[in-house]
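Please follow the description below with the sequence and the coordinates at hand. It moves from an annotated domain to a sheet, then to the contact between the chains, and finally to the membrane annotation.

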Amino acid sequence: MLAFVLRRLASAVPTLFIVVTISFFLMRFAPGGPFNLERPLPPATMENIMRTYQLDQPLWRQYVTYISNAVQGDFGPSYIYKDNTVAELIGKGLPYSMELGFFALLLALVGGVTLGTIAALRQNSVLDFSIMSLATVGTTIPNFVVGPVLTLIFAIVFSLLPAGGWGDGSFRYLLLPMIALALPQLAVFARLTRGSMIEALHADHIRTARAYGLPPRIVVITHAMRGALLPVVSYLAPCAAALMTGSAVVETIFTIPGIGRYFVLGALNRDYTLVMGTVVLIAIFVIVFNLVVDLIYGLLDPRVRHD
Amino acid sequence: MTSRLLKLSAAALLGSVLFASAPAFAEAVLHRGNAGEPQTLDQAQTSINIEAFILKDLYEGLTIYDAAGKIIPGAAESWTVSEDGVTYTFKLRENAKWSDGTPVTAQDFEFSFKRVEDPKTAAKYANILYPIKNAEAINNGKAEIATLGVKAVDDKTFQITLERPTPFFLELLAHQTALPVSKASVEKNGADFVKPGVMVSNGAFKLVSHVPNDSLVVTKNENHWDAANTKLDKVIFYPIDDQAASVRRFEAKEMDLVFNFSADQIERLRGAYKDQVHVSPTLATYYYAFDGAQAPYDDVRVRQALSMAVDRDFLAKEIYSGSQIPAYSLVPPGMASYGEPSKADFATLSQLDREDKALELMKEAGYGEGGKPLEIEIRYNTNPNHERVATAVADMWKNTFNAKVTMTNLDVSSHYAYLQEGGKFNVARAGWVADYADAENFLALNLSTNKTFNYGKYNNPEFDALMQKSYAEENPEARSKLLHEAEALLSRDQPVAPLLTQADLWLVSNRVSGWKDNAANEHLSRFLSVSE
């Protein structure tokens, strides 16, 4: 298994390299630059700035410089948030995004699997239809609607919870953004679980287990769940990577100091280095979570065990 | 005796518990919504107003704006201007101190101004101080830094020599780029001088903490010369770029001040919060530029006709819910040194009469109904309000001239990069916010020598000559007259069609006192206080 992990990590290096190269050039092909503002700068000032940030050099040289610095862990200064390096910005914001994302993931996973299982066990009942309708609503209502509605109800009308901000980081501040972030994913998990659980419940080994007279709870939790969770687990990797690298929408609505907005703001402001930093980070998260999920897969399904 | 002693000590104990449990004085904290994350706290790098609000609380320039937006002495208690108007001698306050207790000196100012003009600093707003002798040459790498026209005569006397008389120079000194840095701190800490725990500042407040996109906390600077009159103990700036989110946090009573919110909320908010909603006209103009290098926009009649056909009242009322004011001049009203701007002559006509006149002009030019077909492309930077304005204007031009109007939008960087690089276009949206309260700041946009900002490539030697004359004119009244004449040419030729004078929208909680709306949009926290 160690060999498998090492092999996968080694193959991540060229993947990252390709991701970095493509995003570097894609960013540069977008018109404008980090210093083209609504209020354009006088040409002489622009020249000073371009020289300072070495943006006056040929693109290939900028690329070589960027790669050789990045390899040493230096992702450069942010062109827009000039008092900070990209590493500082991400370092400051990432813990907030990860904490929020982790709790949202937990809520989505536990809630989604529970609801999906209940729906599958009561297939075609009123309960099933209600859960699935809710799940449809959850996936179709975007979180830029859910977020403000939650705030309106809980913060403005009833004054129970804060309308935004991280505050002291207590659960009160986390609750609403966590729900807004988790809801669409919770719905996906519920649908996935329901579908695969129904399939699993009709499998031969479940029929055998039932015929042996095993209690229904054991049949569902130990035997059916294991197979039913496979599609859920494969969805877990992209979902975890997305939630834990922050959501631009939810972080903006609830004014959370995470890194979700840096990708969007960085791209809009042509903050080349900041975009590259977030791209690398997201790529690493995706690679790591995919690896973790593959390992979990092996635990659940003996057929894909990595020896 | 024993029981009395017991009672006494019990009372003393109770008293001390009560005293300890309630703070002696409640801290006065202002929760200030600030419309976005500051990109920098370095006075040489700053370029936007949300940074200015923070920097002007932290630092104090030679001159500052009072609560009403009027220039008053800041770190300098007084100054004299030489007869010829080029030498300013500032007397710094004896008791002006940095937050670390060291005195604010003329050497600090000399160092700060040279730092801004040093090309290595790559200051975005280096041009704010270009009126200073040799500043532009130094910044362009054509002169030595030592030749900058600034001099510390002694510790408390600072002298500035200008290239030429600059009537608005005291305004420039109140810009955030002209704020001083502590020479000792910058020399010791380098680029880190802006960080919490390191920053040394001379304003009414000092920096305590900064979590990007969460909060920036400043507390009262006890070393400030006027600390006795600073009523707030702490100001928390919330960098919220989502306007709806900041309104929600105001409504949840988490914010006392909110800067900028969506105009379509004005009516609802006015209903709910009445006079806590402030709409304050500002020194900013929203305009459409015509590309004078392209036919038919090289024809003054076409430009005039198109400009006249825009119903500005509709834009102001229906699209901006009264948060903007119809504009007929590039220079906005409210400029103390300039007075009433020279408006376009059609400003006095009714919209129906304007349309009739516009049709005539267009016919003369040979376009529109019965003439050559009129195909117009409006370019604007992506933004819901700009889109609504473009849609409305397109509709007006379709209805009036039977023109075929298309719209193109690009994100803000691409849009301005295109215009700035001299790209060809038909009609393009642009905006200008005053750097300093002087008409020259707006009029100079249309100088033929202004390769960057003159999007429409306007080239009128008569206009250029009037502007040149105004730079040499020392008498304020004569200068104002020259500028008015120059603006009259713009209003006649319409290289740009001014559409709206922008307003700043603020939510100011009832808790806050000392607030005054002003066109300069200057609101130093030291003039504010809060009640519980």
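In this predicted model, residues 70-452 of chain B carry the UniProt annotation "domain: Solute-binding protein family", which comes from an unreviewed entry. Over this range the chain is 28% helix and 22% strand, and the C-alpha atoms at its two ends lie 31 Å apart.

An open sheet of chain B is built from four strands in the order 4-5-7-6, with antiparallel pairing. Its edges are occupied by strand 4 (76-81) and strand 6 (150-154) of chain B; each has a single partner strand, so one side of each is left without a neighbour in the sheet. On average, and with direction ignored, neighbouring strands of this sheet are turned by 25° against each other. Strand 6 of chain B is joined by four bridges to strand 7 (residues 157-161) of chain B, and the two run antiparallel. Within this pairing, B:Ala152 has B:Phe158 of strand 7 of chain B as its bridge partner. Helix 3 (residues 106-117) of chain B packs on the sheet, where it touches strand 5 (87-92), strand 6 and strand 7 of chain B. The direction of helix 3 of chain B makes about 170° with that of strand 6 of chain B.

The next topic is the contact between the chains. Here 42 residues of chain B are in contact with 40 residues of chain A. On the side of chain B that touches chain A, the elements giving two or more residues are helix 7 (243-251) and helix 13 (412-420) of chain B. Helix 13 of chain B supplies the largest share, seven residues. By character, the residues on this side of chain B divide into 17 nonpolar, 13 polar and twelve charged.

For chain A, an unreviewed UniProt entry places the feature "transmembrane region" at residues 12-30, 100-121, 141-161, 173-192, 232-254 and 274-300. Residues 141-161 of chain A are 71% helix and 0% strand, with end C-alpha atoms 22 Å apart, whereas residues 173-192 of chain A are 100% helix and 0% strand, with end C-alpha atoms 30 Å apart.

Also in chain A, helix 11 (residues 260-268) and helix 12 (residues 272-300) pack at an angle of about 145°, their axes 8 Å apart. The crossing of these two helices of chain A is left-handed. Helix 11 of chain A contributes A:Tyr262, A:Phe263, A:Gly266 and A:Ala267 to the contact, and helix 12 of chain A contributes A:Leu274, A:Val275 and A:Thr278. Five of these contact residues are nonpolar, two are polar and none is charged.

Conventions. Residues numbered from 1 in each chain as written. Chains lettered and ligands numbered in written order. Predicted model: local features only at pLDDT ≥ 70, side-chain atom pairs only at ≥ 80, totals over all residues. UniProt positions renumbered as here; feature names shortened; annotations may be inferred. Axes fitted to C-alpha atoms, helices over the stretch in contact; angles between N-to-C directions. Left-handed = near helix turned anticlockwise from the far one by under 90°. Contact = placed C-beta atoms within 7 Å. Nonpolar A, V, L, I, M, F, W, Y, C, P; charged D, E, K, R; others polar. Pairing = 2+ DSSP bridges.
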